[in-house]
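Here are my notes on this model, set out as numbered points. Please read them with the structure open.

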Amino acid sequence: GVLPSNVATALASSSEDAKPSGPPVGIIMGSDSDLPVMSAAAEILDSFGIPYELTVVSAHRTPERMVSYAQTAHKRGVKVIIAGAGGAAHLPGMVASLTPLPVIGVPVKGSHTDGLDSLLSIVQMPRGIPVATVAIQNATNAGLLAVRMLGVESDQIVDKMAAYQNSLKDMVLEKAERLET
Ligand code: RP5
């Protein structure tokens with residue numbers, strides 16, 4: 001679930017040779033105002049039974065915390081980071097520059113430009129430092145992409161993803177059937 005205090009403890013106690021034992025996914029966002037969007041990623045992970053840590057890390061308001069979060073995540077067992085931010089959305093790219101882990105960026109829509117600012121801030125990374133950017137506000141897909149990444153090491157997760165895709169198919173086919181009758 002939502003574990004900001006655990007993240008704080010883990011951040012404080014991380015060391016070079018600490019044994020990775022934490023949750024495999026880190027969900028971070030630039031502000032708590034991003035939570036209504038970012039919680040969709042958490043819901044996906046919950047539905048797949050995948051543990052995660054979730055907290056606020058601001059590239060601009062807490063830069064030192066961002067550096068510390070990104071540099072320690074892999075040392076406590078995080079395998080993939082989902083980072084959401086809006087506006088001058090530097091968090092996903094900066095975190096990607098500080099961690100060897102895959103980073104999935106979620107552009108959050110602000111109040112002025114429908115999220116295009118966030119999208120471009122996140123997607124236009126320089127060669128060498130990739131961020132896997134999902135559609136504006138689409139934290140659901142960020143969660144699903146994280147699950148697929150973890151599937152690289154787990155046949156069980158791959159099977160669950162295939163079942164999820166089948167459930168989507170069934171849903172569409174049911175709707176089509178209803179329209180046709
Ligand atoms: C970004 O600025 C955050 O990710 C958020 O999307 C946006 C606005 O933040 P608040 O002013 O609501 O805290 O850094």
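1. Start with Leu-179. This residue counts as exposed, because only 7 C-beta neighbours fall inside 10 Å and the cut-off for exposed is 12 or fewer. Keep in mind that the model is predicted.

2. Where does Leu-179 sit in the fold? It belongs to helix α7, which covers residues 155–180. Its C-alpha lies 43 Å from the C-alpha of Ala-88. In sequence, Leu-179 and Ala-88 are 91 residues apart.

3. Now the sheet. It is open and has five strands, with parallel pairing. The order reads β2-β1-β3-β4-β5. Strands β2 (52–56) and β5 (132–133) form the edges, each pairing on one side only.

4. Look at β1 and β3 within that order. Strand β1 spans residues 25–29 and strand β3 spans residues 80–86. The two run parallel and are joined by five bridges. One pair to check is Ile-28, whose bridge partner in β3 is Ala-83.

5. Helix α2 takes up residues 35–47. It lies across β1, β2, β3 and β4 (103–108). Relative to β1, helix α2 runs at about 170 degrees.

6. Which residues surround the ligand? The stretch Met-29, Gly-30 and Ser-31 contributes, as do Ser-33 and Asp-34. Ser-58 is another. Ala-85, Gly-86 and Gly-87 are also there, along with Val-108 and Gly-110.

7. How does that shell divide by residue type? Seven of its residues are polar, three are nonpolar and one is charged.

Notes: Residues numbered from 1 in each chain as written. Predicted model: local features only at pLDDT ≥ 70, side-chain atom pairs only at ≥ 80, totals over all residues. Helix = DSSP H or I, 4+ residues; strand = E, 2+ residues; numbered from the N terminus. Buried ≥ 20, exposed ≤ 12 C-beta atoms within 10 Å, placed from the backbone. Near = placed C-beta within 6 Å. Nonpolar A, V, L, I, M, F, W, Y, C, P; charged D, E, K, R; others polar. Pairing = 2+ DSSP bridges. Contact = placed C-beta atoms within 7 Å. Axes fitted to C-alpha atoms, helices over the stretch in contact; angles between N-to-C directions.
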